[in-house]
Amino acid sequence: MKVLETGNGARAMKNGGLDPQRISFEEIPIIDLEPMFSGDAAAKAKLAEDLRKACTEVGFLYIKNHHVPAEVLEGTFAAAETYFGQPDEVKMANHVSKSKNNRGYAAMLEENTDPTARGDLHESFDIALDVPADDPDVKAGKVLYGPNQWPSDMPEFRKALETYHAEMLKLSGHLLHAFALALGLEETYFDDMVGKPLATLRVLHYPPQFGEIDDRQIGIGAHSDYECFTILAQKEGISALQVLNAAGEWIAADPIPGCFVVNVGDQMARWTNDLFASTVHRAINRSGRERYSIPFFFGPNYDTLVEALPSCVDEDHPAKYPPVTSGDYVNGRFAATFAHYGKDNEAEASAH
Ligand SMILES: O=C(O)CCC(=O)C(=O)O
Ligand SMILES: [Fe+2]
């Protein structure tokens, strides 16, 4: 077993080295995050080992004991339901095209997460870190930074989402520490890269799909997430999310009470030179009921260079990807997903 010397002492690396062993998982592991809040070094090391295994073999996991209050989750789901229940013209008043920073509402079929598909059957509302318009980074045209856009007459909606966003930032700090330990690094290794993080919160509404389904038009098409990691809340009792395993089978990632789904994003895969798997997933809502979910995408500061970590590169495993800043990477991916606003999209939508 390979042992890695770190500033926190020696760490054994399971799976002997850098080659990830993806498995044909049929279940997604559950990781107990409690040690990051109250554990000693031994408990954290055990958690780090479990997390490393989950990220290497699967790329998806559930976390329990995350310390996000249940009422914050319930409040956000309730706020989302009220928001999406409004007439389309009301929601369109805060359409994402009215923001320079990808904030606000996007309607059914406007997004096309899988570029080979015909639009996603969901509507969404996005916020991110609220950075004022006169901030130097915003003025410099770093479009992922900027102010949020809000409906003028829904203060509860704003409050719920802002509260949830703040909780996610806290939780992301703990998770990032766990990821650092899982990579054999000092717990605080990433801390100075996340002072002004790319941190997008979306609320999503998926109407149910009935009967025969065209696999090019589902709730959200097959994709991997762009950022470092995603923390996803799903309303209990509705199955829709699916994760692709190493054998190419779709595995259900159903909601588990008290747990978030966490998945590795593309930035983390690049950081780890593909040791950690950024796993493809999709959602199809055939539950017969309206589905709501709340993903939160966490990545480092816009200017952080995402390049293979020294501990993930050696002679036999040269860096696979050129270094890229966090912002340029996410921006490039966004451009592809939102490419088809406008005429094409209207034609598609009215054809169905
Ligand atoms: O709604 C879900 O369960 C998944 C959403 C998702 O994958 C995304 O927004 O990137
Ligand atoms: Fe996703």
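Helices, of at least four residues (H or I), and strands, of at least two (E), are DSSP runs numbered from the N terminus. The model shown in every figure is predicted.

**Figure 1. Overview of the chain.**
The chain has 352 residues, and 43% of them count as buried. Its secondary structure comes to nine helices and 16 strands. Of the contacts between residues at least 6 apart in sequence, 75% join residues at least 24 apart.

**Figure 2. The largest nonpolar core.**
This core holds 90 residues, and those with the most contacts inside it are L51, L61, A178 and F260. Helix 6 (residues 155-182) gives the most to the core, namely 13 residues. In soluble globular proteins, nonpolar side chains tend to be buried together. L61 touches I28, P29, I31, A54 and V262, when its neighbours within four places in sequence are left aside.

**Figure 3. Close-up of A182.**
A182 belongs to helix 6. A residue is buried if 20 or more other C-beta atoms lie within 10 Å of its own; A182 has 24 such neighbours and therefore counts as buried. Apart from residues up to four places away in sequence, A182 is in contact with A48, L51, R52 and C55. One of these, L51, is also among the residues with the most contacts inside the largest nonpolar core. A182 and A45 are 137 residues apart along the chain, yet 8.0 Å separates their C-alpha atoms.

**Figure 4. The open sheet of eight strands.**
The strand order is 3-4-12-9-14-7-6-5, and the pairing is mixed. At the edges are strand 3 (30-32) and strand 5 (104-106), each of which pairs on one side only. From one strand to the next, the twist averages 25°. Helix 2 (residues 41-57) packs on this sheet and touches strand 3, strand 4 (60-64) and strand 12. The direction of helix 2 makes about 155° with that of strand 3.

**Figure 5. Strand 4 and its two partners.**
On one side, strand 4 runs parallel to strand 3, and three bridges join them. In this pair, D32 stands opposite K64 of strand 4. Strand 4 also pairs with strand 12, in the antiparallel sense and over four bridges. Here F60 is placed opposite N263 in strand 12. Four of the five residues of strand 4 are buried, so this strand is largely enclosed by the rest of the structure.

**Figure 6. Strand 9 beside strand 12.**
Strand 9 and strand 12 (residues 260-264) run antiparallel and are joined by four bridges. L232 has V261 of strand 12 opposite to it. L232 is also one of the residues around ligand 1.

**Figure 7. The open sheet of four strands.**
The order is 8-13-10-11, with antiparallel pairing. Strand 8 (220-223) and strand 11 (250-252) form the edges; each has a single partner strand, so one side of each lacks a neighbour in the sheet. Direction ignored, neighbouring strands here are turned against each other by 25° on average. Three bridges connect strand 10 (residues 241-244) with strand 13 in the antiparallel sense. The bridge partner of L241 in strand 13 is A283.

**Figure 8. The shell around ligand 1.**
Ligand 1 is surrounded by L204, I220, D225, L232, Q234, L241, H281, A283, S293 and P295. Six of these shell residues are nonpolar, three are polar and one is charged. Strand 9 (229-234), strand 13 (281-283) and strand 14 (291-301) each supply at least two of them. L241 and A283, bridge partners in the sheet of Figure 7, both belong to this shell.

**Figure 9. Two loop residues with positive phi.**
Most residues other than glycine have a negative phi. H67 is not a glycine, but its phi is positive, near 70°. H67 lies in the loop between strand 4 and helix 3 (70-84). With 13 other C-beta atoms within 10 Å, H67 is partly exposed. N273, likewise a residue that is not a glycine, has a positive phi of about 55°. The loop that holds N273 runs between helix 7 (266-271) and strand 13. N273 is buried, with 21 other C-beta atoms within 10 Å.

Technical notes:
Residues are numbered from 1 along each chain as its sequence is written. Chains are lettered from A and ligands numbered from 1 in the order in which they are written. This is a predicted model: local features need pLDDT of at least 70, side-chain atom pairs count only at pLDDT 80 or more; totals for chains, interfaces and linings use all residues. A nonpolar core is a set of buried Ala, Val, Leu, Ile, Met, Phe, Trp, Tyr and Cys residues joined through C-beta atoms within 7 Å. A residue is buried if 20 or more other C-beta atoms lie within 10 Å of its own, exposed if 12 or fewer, and partly exposed in between; C-beta atoms are placed from the backbone. Two residues are in contact if their C-beta atoms, placed from the backbone, lie within 7 Å. A residue is near a molecule or strand if its C-beta atom, placed from the backbone, lies within 6 Å of it. Ala, Val, Leu, Ile, Met, Phe, Trp, Tyr, Cys and Pro count as nonpolar, Asp, Glu, Lys and Arg as charged, and the others, Gly among them, as polar. Two strands pair if DSSP finds at least two bridges between them. Axes are lines fitted to C-alpha atoms, for helices over the stretch in contact, and angles run from 0 to 180 degrees between N-to-C directions.
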